[in-house]
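Hi,

Here's the structure I promised to pass on. Have a look at it first, and then read my notes below.

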Amino acid sequence: MDSASRYISLGKPNRADHLWRYTSWKKVHPTGDIAEMPPLGQPELSLGMMDGSEPPSGIRLEQGIEGDLDFSMDNALTNAFLHASAKSSQWTLVVDKGFAPGKPIILEIRPGDSPSVAHISLDIGEISEIELVTKITGRSEWFGLLRTGQIRNGAIMNDVVLGLQEKGTLLRSDAIAIGRDAQVRAGTVSSGSERTKADLRYIMGDPGGNIRVLGSILSADSMHLDHHIEIHHEAPETFSRLSWHSACGGSSRTIGTGMLTIRKGSKGADAAQIFHNLLLSESAKADSIPELEVMENDVVGCGHGTANGPIDEDQMFYLKARGFDEDSAKSSLIAAFLNSTLSEMGGTELHEWLVSELSLKLEALDT
Amino acid sequence: MAENNDAREAVGEYKAGWHDPENSTIRFDFGLSEEVVREISNLKNEPEWMTEIRVRAFKHFMKRPMPTWGNMSMLEEIDFDNICYFLRSSDSTKNDWDDVPDDIRNTFERLGIPEAEQKWLSGVTAQYESETVYHSIREDLEKQGVIFLDMDSGLREHPEIVKKWFCSVVPFADNKFSALNTAVWSGGSFIYVPEGVHVEMPVQAYFRINAKNMGQFERTLIIADKGSSIHYVEGCTAPTYSTDSLHSAVVELIALPGSHIRYSTIQNWSSNVYNLVTKRGIAHEKAKIEWVDGNIGSKLTMKYPSVILKGEGSHAEVISVAYSGEGQHQDAGAKIHHLASNTTSKILSKSISKNGGRGSYRGMVTVSPKADNCKLNVVCDALILDEGSRSDTYPTMEVANSTARCEHEASVSKVSDEQLFYLMSRGHSEEESLAMIVNGFFEPFTRELPMEYAVELNQLMALEMEGSIG
């Protein structure tokens with residue numbers, strides 16, 4: 001069955017399912033008519049270094065993807081839709097075995113003004129070491145991004161997706177396999193788009209896989225940012241940490257739902273997830289559902305937590321006593337809150353670049 | 001081992017798994033219809049308004065689909081056509097144990113209820129199948145105006161109070177099983193505590209299913225008037241049969257300003273009972289509602305004691321433990337809705353899975369936009385004792401007020417080798433050590449129970465831990 005037929009056969013998803021509880025499929029479909037598969041454009045993609053120079057050989061974008069997609073999970077609907085819609089915009093990002101450029105590489109995606117979609121398959125070679133930032137910009141009403149593929153054995157990857165669209169809807173789905181002993185930091189920095197629905201899944205099917213999933217989410221005005229993160233431990237000695245920080249201003253709403261599964265046989269698995277929400281205004285709203293399913297008893301530990309609250313009055317007092325005015329004290333604390341996950345996403349150079357990209361958004365935040 | 005032998009003597013195998021011959025005075029045929037619903041109401045000589053609610057609830061039950069979450073495969077196994085919806089075992093409710101029919105009295109004597117009543121209870125109600133067979137309350141409480149009746153008598157003697165509050169906390173359309181309960185409810189407790197009265201010793205209800213393929217649908221309504229307090233304790237057992245029974249209760253608590261209701265449950269149904277219960281309370285200004293909830297038995301339990309914090313300064317606490325053994329799924333949790341300012345809540349959930357059992361915590365906490373300065377804390381801890389067992393946590397937190405301080409934490413782990421080693425190095429066997437660790441794990445719950453219940457729970461857990469090692 002091709003992806004388009006699969007999408008049609010799956011029908012309307014159930015709103016009772018928490019995957020669709022807060023953001024319905026209809027709201028993130030390009031036209032709202034879910035029976036329709038409208039023609040969508042292609043975004044522009046380019047690879048480069050932070051200074052705008054060409055990347056070294058060892059990393060490249062190749063048109064087309066190989067292999068079949070896994071439709072066995074409940075992201076099948078989104079993935080089938082995005083895959084089928086991206087028929088003429090399918091790319092494989094190839095990183096050669098042992099490639100280690102030593103500097104971050106930027107994959108810039110410019111969706112243009114009309115609705116567009118891309119499918120990028122990651123093929124990160126064994127024992128490579130790479131920092132990759134996927135930066136999404138533009139003023140498109142709708143953009144869809146499907147990322148699949150694998151980070152192969154022993155690879156070390158800092159993989160950051162930076163969403164800075166000025167408006168519109170972002171529908172994103174990741175389904176990435178982590179190889180044996182691979183070490184991954186998967187960062188999401190989101191401060192664009194009026195509406196985001198992201199479904200991020202990481203599958204550790206080989207022993208020794210290690211992932212840190214990090215989120216720095218800044219929402220303002222009437223933004224609606226919904227992130228669902230799944231981490232599946234399917235092999236022994238796998239390790240994961242999920243740390244998700246959302247700062248919500250205006251009348252925005254952020255949703256963070258997590259699913260951590262430890263399959264039977266994943267002995268020695270060590271997993272934890274935490275969601276922190278900072279509510280900055282009276283009408284902001286934050287929802288968290290950190291879920292756990294543990295089917296193995298011989299685990300190092302498995303836990304989750306969530307905390308919601310306003311800006312700490314003591315911290316405000318401390319800063320004001322040292323000469324900060326109300327607004328600058330508040331924005332410093334928001335920046336510090338978001339920075340605690342941002343600073344984990346990569347090395348110093350990448351961190352400084354991310355801070356500079358986000359600072360304008362932070363200044364414009366109306367709390 | 002000595003400790004476990006004591007436990008064996010005290011508890012036996014599933015100690016309540018025996019059954020008595022069925023001596024029913026009225027027994028309905030299997031299956032549910034509008035006629036059955038009307039006939040139950042007719043038998044009880046209920047007022048017209050109650051019959052109407054029952055019929056509307058029945059119609060809702062019939063058209064409402066089964067839940068699409070939880071253990072759907074187990075839920076689908078319930079055969080609603082193979083359940084007896086009403087069975088009367090005694091002509092009337094007695095208030096002297098000597099008047100209760102011999103076989104039923106023997107049942108409750110074996111469960112130790114009359115003895116417990118004499119020792120430490122303010123009142124007792126004992127329900128056998130569909131109706132209450134014994135009921136008593138201490139005279140001094142009665143003189144203070146405390147009403148403690150079975151629900152059928154409550155409706156007969158105080159229809160105006162029942163009409164005011166019935167379905168006010170759990171509407172029949174709340175869920176499929178609250179609709180079923182409203183349609184065919186029978187028995188349960190009705191309690192009204194007048195303003196300023198404190199019921200110092202707990203009152204207890206004991207629920208027993210004896211017949212095969214039985215459905216027990218008790219309905220409990222507790223109203224604590226301003227500044228009053230009460231502690232209600234319920235226990236439940238059933239015989240072990242090869243076919244399944246259904247227990248689907250609805251409990252409504254109304255804590256008026258400044259009052260305090262504590263509702264403790266030790267659910268120890270046999271492993272052939274579906275336990276699908278809706279429990280909810282409303283706390284008015286500065287009132288306090290506590291659910292202390294122990295789930296040891298049943299095949300599938302789906303139970304999420306809830307509190308609606310409606311009044312400013314009200315407080316809710318839910319402390320629950322669940323033990324899931326072979327073939328069991330304890331899907332339990334808590335729900336708390338902060339609707340008013342300065343409300344606080346605390347949820348502590350502990351679960352143990354063993355022999356392939358599955359324990360799930362499913363919870364929801366919401367803070368409404370108008371509820372300022374709320375504080376809430378949720379802690380879930382789970383132990384998985386062996387391979388093949390499973391633990392899940394499904395918490396939901398929806399916060400729409402920036403002044404709220406909300407915390408949730410959960411952990412799943414195994415019994416630590418260091419703890420076992422420590423106890424074994426002091427002369428305990430591995431099995432004893434494990435039982436001690438498990439009892440310690442449950443201690444935040446057991447310390448909230450009346451002493452007799454706490455001792456029995458510890459013995460039960462020690463017994464369950466037998467054969468865990470090796």
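First, a bit of vocabulary: a residue is buried when its relative accessible area is under 20%, exposed when it is over 50%, and partly exposed in between (1.4 Å probe, protein chains only). Keep in mind that this is a predicted model, where local features need pLDDT of at least 70, side-chain atom pairs count only at pLDDT 80 or more, and totals for chains, interfaces and linings use all residues. Residues are numbered from 1 along each chain as its sequence is written, chains are lettered from A and ligands numbered from 1 in the order in which they are written, and side-chain values use heavy atoms, leaving out hydrogens and water.

Let's start with the cysteines. A disulfide is a covalent bond between the sulfur atoms of two cysteines. Counting one means finding a pair of cysteine sulfur atoms within 2.5 Å, and over all chains that gives 0 disulfides. Take A:C248, which is buried at 0% relative accessible area: the closest cysteine sulfur belongs to B:C406, 12 Å away, so that's too far for a bond. B:C380 is buried as well, at 3%, and its closest cysteine sulfur, in A:C302, is 12 Å off, again too far for a bond.

Now for two loops. Strands here are DSSP runs (E, at least two residues), numbered from the N terminus. In chain A, A:E237 sits in the loop between β13 (224–233) and β14 (239–248). A:E237 isn't a glycine, yet its phi is positive, near 55 degrees, and it's exposed at 53%. In chain B, B:K286 is in the loop between β14 (273–283) and β15 (288–295). B:K286 isn't a glycine either, and has a positive phi of about 55 degrees; it's exposed at 65%.

Cheers

Technical notes. Helix = DSSP H or I, 4+ residues; strand = E, 2+ residues; numbered from the N terminus.
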